[in-house]
Amino acid sequence: MLVSILINNYNYAKYLDTCICSVLKQTYPNIEVIIYDDKSKDNSINIIQKYGKKIKLIKGSKKFDYPSFNQANAINNAFQISKGDVICLLDSDDYFEKNKVEKVVSIFKSDKDVV
């Protein structure tokens, strides 16, 4: 079961390494990581690019005057290219515990009615 982890980012360079490392060090290995960067003005793109092919990067552009609309746009764009059976959302100023994805997958595997 592939899990897509969708991360939206705008000017959170100081948190990105922690965020990305928390995803790449998951105990569940079958993941894809997609980051939508909303035209950050800080060092975000350089930080994301140092992870190379481990991350799919979408370089977007702010389309709306309201941050929540831009966040929804980022998630939607990342979702459009995702291939996962399960989708997890993560803001770039946050992180996952190391076994979060494993726990989520176990719930999906144990109950076929979970959506």
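This note reviews the helices, the main pocket and three individual residues of a predicted model.

1. Helix α1, dimensions. Helix α1 covers residues 13–24. Its twelve residues should span 16 Å at 1.5 Å a residue, and its end C-alpha atoms lie 17 Å apart, which agrees with that expectation.

2. Helix α1, buried face. The buried residues of this helix are A13, L16, C19, I20, S22 and V23. Viewed down the axis of α1, they fall within an arc of 155°, so they line one face of the helix. A general property of helices is relevant here: with 3.6 residues a turn, residues three or four places apart point the same way. The cover over the buried residues of α1 includes strand β1, strand β2 (31–37), helix α2 (44–49) and strand β4 (86–91).

3. Residue S22. S22 is located in helix α1. Its relative accessibility is 11%, so S22 counts as buried, the cut-off being under 20%. Setting aside residues up to four places away in sequence, S22 touches L90, Y95 and F96.

4. Helix α3, dimensions and packing. Helix α3 has 15 residues, and the distance from its first C-alpha to its last is 22 Å, close to the 21 Å expected at 1.5 Å a residue. N70, N73, A74 and A78 are buried in this helix. Seen down the axis of α3, these buried residues fall within an arc of 125°, so they too line one face of their helix. They pack against β1, β2 and β3, the last of these strands being residues 56–59. Strands β1 and β2 are thus named both here and among the elements covering the buried residues of α1.

5. The largest pocket. The volume of the largest pocket is about 230 Å³. It is lined by 14 residues, of which N8, Y10, Y12, P67 and Q71 are the closest to its centre. Strand β1 (3–9) and helix α3 (67–81) each contribute at least two residues to the lining. The largest share, four residues, comes from α3. Sorted by class, the lining holds five nonpolar, five polar and four charged residues.

6. Residue N8. N8 belongs to strand β1 and is among the residues closest to the centre of the largest pocket. With a relative accessible area of 13%, N8 is buried. Neighbours within four places in sequence aside, N8 is in contact with Y36, Q71, A74, L90, D91 and S92. Of these, Q71 is also listed among the residues closest to the pocket centre, and A74 is one of the buried residues of α3. L90 is also a contact of S22. The C-alpha atoms of N8 and I87 are 13 Å apart in space, while the two residues are separated by 79 residues in sequence.

7. Residue K54. K54 lies in the loop between α2 and β3. In contrast to N8, which is buried, K54 counts as exposed, at 56% relative accessibility. Apart from neighbours within four places in sequence, K54 is in contact with L24 and V33. Of these two, L24 falls within the residue range of α1 and V33 within that of β2. Between the C-alpha atoms of K54 and V86 the separation is 18 Å, with their positions 32 residues apart along the chain.

Key. Residues numbered from 1 in each chain as written. Predicted model: local features only at pLDDT ≥ 70, side-chain atom pairs only at ≥ 80, totals over all residues. Heavy atoms only, no water. 1 Å grid on protein atoms, 1.4 Å probe; cavity = no way out; pocket = protein on both sides within 12 Å on 5 of 7 lines; lining within 4 Å. Points joined across faces, edges and corners; volume = space filled by probe spheres on them. Nonpolar A, V, L, I, M, F, W, Y, C, P; charged D, E, K, R; others polar. Expected span 1.5 Å × (residues − 1). Buried < 20%, exposed > 50% of the residue type's maximum accessible area, 1.4 Å probe, protein only. Arc of directions from axis to C-beta. Contact = heavy atoms within 4.5 Å.
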